[in-house]
Amino acid sequence: MAGTSGMRSRSRLSIVIVMCVTSIASAGDHWYSRPLTSVPPGNRGMRKFVTMQHVAGDDVGMRSDYAHGPIDLVVSLEGNPDGDNDRDTIDDRTAYEEIFEHFADAVFEATNGGHVIRTVRIFPNGRFSDSADVVWQMAPLCPSANTAGWGVAGRHIYMANTLDVGIQIDALAPSNRRSAGYVLAHEFCHYAYGLYDEYRGHGDPEGGSVNPRVPWLTDVSIAPSIMANPWLAAYLNDIRHLNFSIPYTSPISVFNDTRLTAQHRIYRASCWETLVRDASEDPRAGNRWARPRRIQWTDLINRAPSAEAGWNQDLPNPMARGALNVIWMHGNVAYELVIDRSRSMHGEKIENAKTAARFLVDIVPIGSLLGVVEFNETQNVVHDVVALNSQEDRDSVKEAISRISEMGNTDIQNAAVFGLDQINAAVENATKVVFLLSDGRTSVPTISTESVIADYQAVGVPLFTFGYGGLADEILLRTLAEQTGGRYYFSPVTLSEIIAVFADASRRASGGSNIMNGKGGLPPGQIYSRNFPVDDTIALMNVTVTFAGALTDAAVVLRSPDGVAVSESEAAESVGISHVHFRVESPDVGTWNLRVSSSDGAEIPFTYDVSVDKADDAVGYTLTLENQTGPVVEYPEPIVLTAVLKKTRPIAGAVVIGEIVLADGSRLSLPFRDNGVAPDAFANDGHYSAAFAPASGPSSNGVYEVRVSAFNAGNAEFTSSGLQVPAPDGLGVIVPNLPVLANFERMAVLQVELIGMQSDDHGDSIDDATQIPNNNMDVPGRIDTAGDIDVFAFSIPIVERIGIVRISDMALGMRPRLRVIRHDGLLVADELLTSTEDGDVGQYLRIPSSAGAGETYYVEITHASAIGTGTYSNSAGPPMAVELEDINNIDRDGDGVINELDGCPDNPDKVSPGVCGCGLNDGGDRDGDGILDCVDNCPDVAAGANGTAQGCPPSDETQQPQDGPGQTQPVITPQSLDTNCGCGAGAVPLSPLGLIGFLGMRRRMRRRMRTRRADRKTI
């Protein structure tokens, strides 16, 4: 590779296909604690904590960056202890308040004052157990958490009044509140920061089946570390044990060797090293898992202690609790319904919207508060906020809604602020939400979208928005919803559709659940009959059926388990659509039946929905559904879904059935699995996963609806699999699965919008290659059709001597072939991935090859099969921590010397280049002239008395060495060997058999190294 000066470059490029695992990020997603960022309209499809990374002016990837000030937390507490909201009063709530004070201390100390806990909202009676950060139960429980994340539905910290950690500890006893707060902080560090444990466990790693994410028997407990033993901080009154671990130094510093822990197995780094580095430096996963990635908390970057100091003492400090405010929330929800009445809403639109609004009044739980606002270019109160304690209260609001009429233009932003002002003025200490429905766009904005978002964020009120029909301002409505913690819904103008989205929004706002819903068509004279179970956690049930035609065109009957027909609560017609609603309080436990029969007229399209609200003295069954990349998926990313089923703990072994309704209305079955096979992350953990990618092409753009149902067929179990469960050092706590005896059913529905769909995502040649950054950021790709080629371009900076190219996050059948081509067309590497084996730490295929720093290279990605398709992520950049350690600490040539210490890591007979270089062994002087054959230009003709350095007689100095008549061979020198292939390895990629041997050798070397370290520590 000649440079501009004609000299050969000595820089080398190692090409690596990485098969490694990214940490899981899991969290609750309640709007009171969900991380939010101000994202300008138009930057759609981003998770709440994600901001766009700009490289060379193009949006090429996402960074999981999140700079946070005070942290808010939502707690769902089973039971309702007596007391008030005054922390100065000693009552039954005081114990919980003191625990959260110690929790705030621990988080402050762990982050070196970087994070303070601000508002802790406690919802009694198990309200919002589906979306809270902390699910706190009455029965004994081992404290645990899903690891990492923040803002993901269905994941939580699990706490209890009695902590079962081998022995049972009363967390509420005055002597134990401090330790309970510290243990909660330990779980919070799993949950919010994505960290893993640093204590000695009980599993045997040599058995080959031990989860690398949990402590092993061969691990070393780090002291002090909050991820090792926070109990010591309380029992020994030694706050050092609340700190994060720091980088390992030799000799070992005040912290122990942090390399022998679950934390290091996953991240190849201590806790502080992990927290301060960019999340793009975390290990990748070979397969695409249905789990989010660790958040990068950028405000902690400058908080890390020095390795010399070891740790910082930040307590006692009044700032630790200075912002803390524990609020005991009322269980009831206050709604403000804001309805567009501009002239574009005339006719069927306004009538269906009013019918759906009246339906919302009917289905909210008793004691809910609700007010109504109408708007066009101005705003007007339709009905003041009132508590719905009786049917008369509901009828009053419904009558006011019926009087709304359409006229004027549209002003969405001012209407949103007006609705917020109304609910804030009427209600103080209650959960408040605003629903805003609009079919149009603001005519002349007089208030900015950013200021609306700021107003909502300042008071913690979510804005649920409804894009009514195809002309609604989707970008504005989606931005308002997502940036305030609400949710955006797209709805056609049909009555059944708007009722369906209002019902789902009401469930999310109040913490209710859905048993079933669906749609169909009844031929003349036919009957639809559906049985469904009602379990003992349900206090209120709403059953709704809508169908085309008059009320007399169909008969709707709801029967209780004893066969008695229930009286309907409302039956109404609206613009040719009929609506029948049953409201059943304290429904009998057992099997209910819904029956819809048509008359002898035309076929009748109909929809049905069964929603429930739990009893105050029960924790309900919940099913949450979320797409891992957010409500908007931008091509070529796939849809990667997780449905989480749980009650007090996650539920495994249930029957989970999914389908996806495509943008054109057609339906496909979508299998959800809990078997630990990608995209499912962990087997039998109650998290059921699926992946989907529609056909490539612009026609695939649009809103997709995912529908998932779960029920108990007799094999359901409460499980702790997949959770981080703390344990006394070296013992471990075994949390047995318990059978779920109840017959239950739950359903979840999710809208996902696909945008940017094309027939092909990346160019097929170097002329139209996609530029990727050299910063390890993922760029998604897709082999769209059989034979598709994706080509990327990247450059290794002059200052770097090594670069990595990766293929990761493979899904939907992807098995890649990777070729790296130099700018002049020289093939640098060509490797077929023959195995998709995927472990938790750095399984990868490394391909040594020659390359020059500062030059452009092209990555060509195809499918190993001529007819295969699938999705993936591609990235390039300097080696990450896990890759550096793997490159340095493996023994490629099997000579017993790890690469880090081996001067010739690919030659088992040499550990240094010597005279001949690593590719050839020193020795051999056939002509006896004292010059080794490997550097002798004339190895068979001895040099004369004045022999030259080339080893030829003076007269033959310019001749080329001969190997048989007329067979001229190239001159090989140590310099050329080193330049081309690095210690003589040759520009040849590892074969599949070489990969298998390489992985096996690395595993054996790691075991030997662990044994040696353990022996050294024993000595």
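**Figure 1. Strand E13 in the predicted model, a strand largely enclosed by the rest of the structure.** The model shown in this and the following views is predicted. Strand E13 spans residues 369-375, and 6 of its 7 residues are buried, so the strand is largely enclosed by the rest of the structure. On one side of the pairing scheme, strand E12 (residues 333-340) runs parallel to E13 over 7 bridges. Within this parallel pairing, Ala-334 has Leu-369 of E13 as its bridge partner. The pairing of E13 with strand E14 (residues 379-387) is antiparallel and comprises 6 bridges. In E14, the residue opposite Leu-369 is Ala-387. Leu-369 thus has a place in both pairings, with Ala-334 and with Ala-387.

**Figure 2. Connections of E13 to E12 and E14 along the chain.** Helix H7 (residues 348-363) joins with E12 and E13 in a β-α-β unit, and this unit is right-handed. The link from E13 to E14 is a hairpin, with 3 residues between the two strands. E13 therefore takes part in a β-α-β unit with E12 and H7 and is largely enclosed, with 6 of 7 residues buried.

**Figure 3. The buried face of helix H10.** Helix H10 covers residues 449-459, and its buried residues are Thr-449, Val-452, Ile-453 and Tyr-456. Viewed down the helix axis, these buried residues of H10 fall within an arc of 95°, so they line one face of the helix. The elements against which they pack are helix H9 (412-426), strand E15 (431-438), strand E16 (463-468) and helix H11 (474-482). Immediately after H10, Gly-460 adopts a positive phi of about 70°.

**Figure 4. The disulfide between Cys-916 and Cys-934.** The structure contains 1 disulfide. This disulfide links Cys-916 and Cys-934, with an S to S distance of 1.9 Å. The angle about the S-S bond is -75°, and the link is left-handed. Both cysteines lie in the loop between helix H13 (881-889) and helix H14 (974-981), so the pair ties together parts that are 18 residues apart in sequence. Cys-916 is buried, at a relative accessible area of 2%. Cys-934 is also buried, and its relative accessible area is 16%.

**Figure 5. Buried cysteines Cys-142 and Cys-189.** Cys-142 has a relative accessible area of 8% and is buried. Cys-189 takes part in no disulfide, and the nearest cysteine sulfur, which belongs to Cys-271, is 7.8 Å away. Because a disulfide requires the two sulfur atoms to lie within 2.5 Å, a pair at a greater distance does not qualify. Cys-189 is buried as well, with a relative accessibility of 1%.

**Figure 6. The whole protein as context for the close-up views.** The secondary structure amounts to 15 helices and 45 strands. Of the 1019 residues in the protein, 59% are buried. Among contacts with a separation of 6 or more, 74% are between residues 24 or more positions apart. The accessible surface is about 37,000 Å², and carbon and sulfur atoms account for 51% of this area.

Conventions:
Residues are numbered from 1 along each chain as its sequence is written. This is a predicted model: local features need pLDDT of at least 70, side-chain atom pairs count only at pLDDT 80 or more; totals for chains, interfaces and linings use all residues. Side-chain values use heavy atoms; hydrogens and water are left out. Buried means under 20% relative accessible area, exposed over 50%, partly exposed in between (1.4 Å probe, protein chains only). Helices (H or I, at least four residues) and strands (E, at least two) are DSSP runs, numbered from the N terminus. The arc is that of the directions from the helix axis to the C-beta atoms. Contact means heavy atoms within 4.5 Å. Accessible areas come from the Shrake-Rupley method with a 1.4 Å probe; for residues, only the protein chains shown count as cover. Two strands pair if DSSP finds at least two bridges between them. A crossover is right-handed if, with the strands pointing away from the viewer, the path from the first strand over the helix to the second runs clockwise.
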